[in-house]
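Work through the exercises below with the sequence and the model side by side, and try each task before reading its solution.

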Amino acid sequence: MKIAAGAFRSRMIYILLFVLLVGAGFPCTERGVSWFLKNYYIGIPSQEQSCLPWTFFLVVKNPQVLLRRGDLVVFKAQRVGHGFDGMKMVKFVAGIPGDSIKVRNGRLYVNNVYWDDLSLCDALKQPRTVYDRVEVVPDQKFFVLGTAKRSYDSRYWGYVDAKQIMGYAIPLL
């Protein structure tokens with residue numbers, strides 16, 4: 001029997017949710033599940049080729065935690081262009097307020113440590129020098145990156161405002 005991809009994903013979400021709740025010793029009552037869904041959800045990348053190596057994420061909604069370099073954040077893209085505005089994105093926090101960002105000749109440095117090249121310049125039909133800059137991450141802003149060379153991220157469109165962040169993600173699979 002063939003199962004449509006959407007139906008399969010829906011079933012996988014419910015199975016993962018059940019396994020998480022039971023595995024954590026969580027009471028699987030209507031009230032318990034309702035509380036879980038109010039505070040968490042299972043995220044699945046919508047892109048065919050994700051820029052992160054995981055298939056499923058547990059997303060903690062509206063975190064009241066201090067974000068650090070290396071955290072995975074979920075945010076609604078704004079003013080990033082190329083059809084991504086309004087989409088939820090998951091990226092690593094690479095720069096926090098006060099960090100220095102330097103891009104020179106297509107190479108990214110955070111706090112003077114080399115991170116990666118700007119590999120999308122050709123695809124975006126832009127010379128590498130168009131993105132050259134030296135700046136400090138402002139208060140309430142974050143510099144975010146994907147893990148893949150083809151990741152469209154802060155290297156190309158700038159900072160994510162703290163108000164855009166919807167939660168943080170924990171990779172599951």
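The exercises that follow concern strands, their partners and the facing of side chains.

The model is predicted, with local features needing pLDDT of at least 70 and side-chain atom pairs counting only at pLDDT 80 or more, while totals for chains, interfaces and linings use all residues. Residues are numbered from 1 along each chain as its sequence is written, and side-chain values use heavy atoms, with hydrogens and water left out.

**Exercise 1.** Determine which side chains of strand β5 are buried and which are not.

Solution. Strands are DSSP runs of E with at least two residues, numbered from the N terminus, and buried means under 20% relative accessible area with a 1.4 Å probe, protein chains only. Going along β5 (residues 100-104), the side chains alternate between two faces. Ile101 and Val103 point to one face and are buried, whereas Ser100, Lys102 and Arg104 point to the other and are not.

**Exercise 2.** Identify the strands that are joined to β5 by bridges.

Solution. Two strands pair if DSSP finds at least two bridges between them. Strand β8 (residues 133-136) runs antiparallel to β5 and is joined to it by four bridges, with Glu135 of β8 opposite Ile101. Strand β6 (residues 107-110) is likewise antiparallel to β5, again through four bridges, and Arg107 in β6 is the bridge partner of Arg104. The two strands β5 and β6 form a hairpin with two residues between them, and Asn105 in the turn has a positive phi of about 50°.

**Exercise 3.** Trace the strand order of the open seven-stranded sheet and locate its edges.

Solution. The order is β1-β2-β11-β3-β4-β9-β10, with antiparallel pairing. The edge strands are β1 (40-43) and β10 (160-161), each pairing on one side only. At the β10 edge, strand β9 (residues 141-145) pairs with β10 over two bridges, and Phe142 stands opposite Val160 in β10.

Key. Buried means under 20% relative accessible area, exposed over 50%, partly exposed in between (1.4 Å probe, protein chains only).
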